Amino acid sequence: MEKTSITPKLLKENFIKIYGFGDGVRIFKSPARINIIGEHIDYNGGKVLPTAIDRFLYCAIRKRPDTKIVYSDLFFPGTYSFDINDDFIFDSANDYANFLNGIISCMKKSGFEFPCGFDVLIGSNIPSAGGISSSSALECGFAWAVNETFGFNISRKKIALMGQKSEHEFINVNCGIMDQYIIATAKKNTAELIDCAKIEHEYVPLKLGDYRFIVMNSKKQRKLSDSKYNERRAQCEEGLTILQDAGYDFPNLCAITPELFDEAGPLIKDDEIYRRVRHCVTEMDRVLKAVDALKANNLAELGTLLYASHASLRDDYEVTGIELDTLVDEASKQHGCIGARMTGAGFGGCAIAIVHKDSIDSFIKNTGDAYKRVIGYEGDFFACSSGDGVSEI
Ligand code: GLA
């Protein structure tokens with residue numbers, strides 16, 4: 001089965017094949033996300049500007065008469081069984097089931113009680129380990145499915161926080177809140193300006209006129225738990241501590257304005273830490289400018305900010321790599337493209353570009369050909385539109 005051919009109907013048919021015929025199967029969908037701008041600053045108290053897109057993970061669920069929990073996935077091998085009365089702890093032998101057990105563990109610790117078990121089947125058309133948040137789509141889609149099935153009435157914000165906690169405790173990625181938050185709370189035709197220090201948001205209308213977002217998948221897969229993600233986060237903490245020890249009372253790196261950074265930055269003697277901090281300061285500034293540009297319908301300015309964000313992630317934060325740099329470089333040469341940057345954690349995964357709708361075909365062909373010429377294998381390209389957060393079908 002092709003990943004992109006998954007539909008809710010197909011998922012339900014497969015559910016019945018695996019778990020047997022009967023009433024009560026419910027299907028939920030959970031979107032992928034792109035981050036328009038604001039990279040690697042969610043865990044530095046910054047503001048970020050993601051949007052959910054029309055690629056989905058689907059989760060079929062049905063209560064069982066006993067206390068068993070059974071998970072299957074259309075694309076990942078293995079069926080995993082537990083009992084709702086088990087202690088849910090991380091176990092590497094449980095593979096993808098850890099994402100789900102992390103959520104159950106959070107729910108149980110928060111006092112939610114399960115009167116019975118349930119069967120689950122997952123099917124996703126989001127590229128895995130590809131930078132558009134397949135893992136948060138899984139955590140939040142599953143959490144929402146369980147929430148609705150058992151009538152727990154957990155808020156969307158709490159679902160996002162549970163997804164993040166599960167990622168910290170079960171996946172060993174010290175991630176910020178951006179991905180889970182946007183996936184839980186997104187609204188079609190908007191980007192979401194998430195204030196990650198206050199954990200609150202504002203919807204910003206996403207009016208792209210004749211332009212579209214194109215997702216460019218480098219097809220370089222990476223697991224964040226094996227990447228330098230946690231190291232970057234630790235370097236940021238080191239930079240903040242240096243400035244705080246020198247007497248500045250910045251609560252986080254994104255509270256530092258560019259002017260204050262000119263004054264305080266030179267106190268950081270280690271060049272690498274200095275550049276990590278500089279990225280956070282300049283990226284936060286770009287996010288605020290990007291929101292102004294979107295509100296003023298100034299897409300050219302938004303595009304310029306995307307290029308600048310990529311350059312900062314390449315030179316100061318060092319999370320791009322040859323694949324993402326090639327995609328962005330080649331995209332920038334194409335007619336109709338007004339901006340491009342890597343999106344998500346980097347180290348591989350996806351980039352995005354803003355492209356005029358009449359140039360989409362030539363853009364994909366030319367950028368794709370050039371990418372293959374330089375990197376030696378094909379990328380994957382698709383136009384996307386914004387969508388809603390987790391919901392029942
Ligand atoms: C990953 C994390 C997010 C965020 C981005 C980088 O997607 O899950 O919390 O830090 O990387 O902006």
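How far from an oxygen atom of the ligand does a polar side-chain atom of Tyr229 lie? In this predicted model, the distance is 2.6 Å.

**Figure 1. Polar side-chain atoms of Tyr229, Asp179 and Glu39 beside oxygen atoms of the ligand.** Besides Tyr229, whose polar side-chain atom is 2.6 Å from a ligand oxygen atom, Asp179 also places a polar side-chain atom 2.6 Å from an oxygen atom of the ligand. In the side chain of Glu39, an N or O atom is found 2.5 Å from a ligand oxygen atom. On its own the ligand has 310 Å² of accessible area, and the protein covers 97% of this area.

**Figure 2. The shell of residues around the ligand.** There are 13 residues around the ligand, and those that come nearest are Glu39, His40, Asp42, Asp179 and Tyr229. By residue type, the shell is made up of six nonpolar, three polar and four charged residues. The place in which the ligand sits is the largest pocket.

**Figure 3. The two assigned domains and the ligand shell.** The domain assignment of the protein gives domain 1, covering 3-206, and domain 2, covering 211-384, and each of these domains contributes at least three residues to the shell around the ligand. The centres of domain 1 and domain 2, taken over C-alpha atoms, are separated by 26 Å, while contact between the domains involves 39 residues of domain 1 and 44 residues of domain 2.

Methods
Residues are numbered from 1 along each chain as its sequence is written. This is a predicted model: local features need pLDDT of at least 70, side-chain atom pairs count only at pLDDT 80 or more; totals for chains, interfaces and linings use all residues. Side-chain values use heavy atoms; hydrogens and water are left out. A residue is near a molecule or strand if one of its heavy atoms lies within 4 Å of it. A polar contact is a pair of N or O atoms within 3.5 Å; within protein, one must be able to donate a hydrogen and the other to accept it, and residues adjacent in sequence count only if both atoms are side-chain atoms. Accessible areas come from the Shrake-Rupley method with a 1.4 Å probe; for residues, only the protein chains shown count as cover. On a 1 Å grid over the protein atoms alone, a cavity is a set of points where a 1.4 Å probe fits but cannot get out, and a pocket is an open set with protein on both sides within 12 Å along at least five of seven lines; lining residues have an atom within 4 Å of a point. A molecule sits in a cavity or pocket if more than half of its atoms lie within 2 Å of its grid points. Ala, Val, Leu, Ile, Met, Phe, Trp, Tyr, Cys and Pro count as nonpolar, Asp, Glu, Lys and Arg as charged, and the others, Gly among them, as polar. Domain bounds come from an automatic or database domain assignment. Contact means heavy atoms within 4.5 Å.
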